[in-house]
Amino acid sequence: MATLQSLSPAFRPSIPAPNSHAFPAATLFNSSPKFICSNGLSVSLRHSIISPRVSNSQYSPQIAETLGDVSIFTASGESVRFSDLWDQNQGVAVVALLRHFGCICCWELALALKESKERFDSAGVKLIAVGVGTPNKARLLAERLPFPMDCLYADPERKAYNVLKLYHGLARTFLNPASAKVFSRYDSLQKAAENYTIGATPNDISSVLQQGGMFVFKGKELLYARKDEGTGDHAPLDDVFEVCCKVPVA
């Protein structure tokens, strides 16, 4: 069994405001998950969105159509177009772009998404998780975490990540201050690491430098967009619920 001691990152920077933008479909949700830091301070995820850094001009109104032309793979290895993953007319979808399948923070987010799937399903929201790597790497995560195979997709060439202009690079991966927040999430990381295997890491070294992001679509309309600033800088799921679980589903 993997332990966090063996997986601890080599950076200890300070924490800036995360990078997010909710488009005008958001409404309020009452619950707000919290983490308890080592000094006893309670941190609410709701208040972690302080200064949006993704503007309306970051993505064109045609971004869903552009993304729809991208082909990725199911975890079983079948090619599929993004436009076929959810109803392009009125369907609501949460599209979570993870980092690579061998990243422990990717496993942590995947676990949180799996635990939230019932809530998404009850709201009529389609959950789509995409990771960097080949389908066999995706299956390792799906089988060992575990994670529902029908919600997991592989993007070995990072096509969707490039279309959505998600961050990539050495500094983003290892040195960005936003990554410091992982130190307040020891318990969730430890839980995700129970069946973790580094064998899910892509063979392409450049792939491990890719950051992820979180997006909510209704049909072809982009309702919410957030780009991870650094490793482990995930979108607060409470904010995702505020957008997608209050949107009327046709």
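In this predicted model, Lys227 lies over the face of Tyr167, at 4.5 Å from the ring centre. The ring of Tyr167 has a second charged partner in Arg172, which is placed over the ring face at 3.7 Å from the centre. Tyr167 thus offers a good starting point for a look at the aromatic residues, with Lys227 and Arg172 both set over the ring.

Turning from charges to ring pairs, the count comes to 4 aromatic pairs. Among them is the pair of Tyr59 and Phe215, whose ring centres are 5.8 Å apart and whose planes meet at 80°; because edge-to-face covers angles over 60 degrees, the pair of Tyr59 and Phe215 is given that description. Tyr59 belongs to the loop between β3 (42-44) and α2 (63-68), while Phe215 is part of strand β9 (residues 213-218), so the contact ties together parts that are 156 residues apart in sequence. Both partners are worth a look in terms of accessibility: Tyr59 is buried, with a relative accessible area of 7%, and Phe215 is likewise buried, at 0%.

A further pair is made by Phe120 and Phe241, with 5.1 Å between the ring centres and 40° between the planes, so this pair is tilted. Here the partners come from two helices: Phe120 lies in α3 (residues 104-122) and Phe241 in α8 (residues 237-244), and the pair therefore ties together parts that are 121 residues apart in sequence. Phe120 and Phe241 are both buried.

Methods. Residues numbered from 1 in each chain as written. Predicted model: local features only at pLDDT ≥ 70, side-chain atom pairs only at ≥ 80, totals over all residues. Heavy atoms only, no water. Phe/Tyr/Trp six-rings, centres within 6.5 Å; stacked < 30°, edge-to-face > 60°. Helix = DSSP H or I, 4+ residues; strand = E, 2+ residues; numbered from the N terminus. Buried < 20%, exposed > 50% of the residue type's maximum accessible area, 1.4 Å probe, protein only. Lys NZ or Arg CZ within 6 Å of the ring centre and 35° of its normal.
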